[in-house]
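Reader: I'm new to reading protein models. Could you walk me through this one, a question at a time?

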Amino acid sequence: MKKTILAIATIVTLTVGNGFAQRYRHEVPAVNNSRGDNAVEEFQINKLDQIVSLSRKQENKIKKIENHYDRLMSSNNRYSSFQNVQRLEKSKQKDILEVLTPAQRQRLFAYQNNFNKGRYNRRG
């Protein structure tokens, strides 16, 4: 009888500790996850390429812009406020739009307007 109670108490103790250990979620910072960040950037650049047909020079310039702003955000991560991050994102988008030709910008804006109208204005 004592062995059974001791076995049950041991099992309960071990399972409760394991249950709490699995609740903790550790977020990996972007600096340590640069491979995943690069994969996301590649996907976004490829999607932009499908929409506006980028040249190789434009793709390289956009990659340089992405890397530059990634370094800025990771270096200012401790001191960055929400407004600072928004300001950096806006300036990054402005720099990327400067790489595009006027015809490509027009295609991109037309795609964005068409996409938003179709997605958010549905009923039912």
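Reader: Which helix holds Gln104?

Author: Happy to start there, and keep in mind that this is a predicted model. The helix to look at spans residues 102-120, and Gln104 has its place in it. That helix is H5.

Reader: Is Gln104 buried or exposed?

Author: Here a cut-off helps: a residue counts as buried when its relative accessible area is under 20%. The relative accessibility of Gln104 is 6%, so this residue counts as buried.

Reader: Which residues does Gln104 touch, leaving out those up to four places away in sequence?

Author: One of them is Val52, whose backbone oxygen lies 3.3 Å from a polar atom of the Gln104 side chain. With residues up to four places away set aside, the full list of touched residues is Val52, Ser53, Leu54 and Gln58.

Reader: Gln58 is in that list, and I see it in H3 too. Which residues of H3 are buried?

Author: Let's place the helix before naming them: H3 covers residues 56-75, which is 20 residues. From first C-alpha to last it reaches 29 Å, close to the expected 28 Å. Its buried residues are Gln58, Glu59, Ile62, Ile65, Glu66 and Tyr69.

Reader: Why do the buried residues of H3 line one face of the helix?

Author: An α-helix has 3.6 residues a turn, so residues three or four places apart point the same way. Looking down the axis of H3, you find its buried residues within an arc of 125°, so they line one face.

Reader: Which exposed residues are on the face of H3 turned away from its buried side?

Author: Turn the helix around in your viewer to see this face. Exposed means over 50% relative accessible area. The exposed residues carried there are Arg56, Lys57, Lys64 and Arg71.

Reader: Which helix gives the most to the lining of the largest pocket?

Author: That pocket holds about 520 Å³ of space and is lined by 18 residues. Nearest its centre lie Gln44, Leu48, Gln93, Leu108 and Gln112. H2, H3, H4 and H5 each supply at least two lining residues. The helix that gives the most, with 6 residues, is H2.

Reader: And for the whole protein, how many helices and strands are there?

Author: Reading from the N terminus, the elements run α-α-α-α-α. Of the 124 residues in the protein, 16% are buried. Among contacts between residues at least 6 apart in sequence, 61% join residues at least 24 apart. The count you asked for is 5 helices and 0 strands.

Notes
Residues numbered from 1 in each chain as written. Predicted model: local features only at pLDDT ≥ 70, side-chain atom pairs only at ≥ 80, totals over all residues. Heavy atoms only, no water. Helix = DSSP H or I, 4+ residues; strand = E, 2+ residues; numbered from the N terminus. Expected span 1.5 Å × (residues − 1). Buried < 20%, exposed > 50% of the residue type's maximum accessible area, 1.4 Å probe, protein only. Arc of directions from axis to C-beta. Polar contact = N/O pair within 3.5 Å; in protein donor to acceptor, adjacent residues only side chain to side chain. Contact = heavy atoms within 4.5 Å. 1 Å grid on protein atoms, 1.4 Å probe; cavity = no way out; pocket = protein on both sides within 12 Å on 5 of 7 lines; lining within 4 Å. Points joined across faces, edges and corners; volume = space filled by probe spheres on them.
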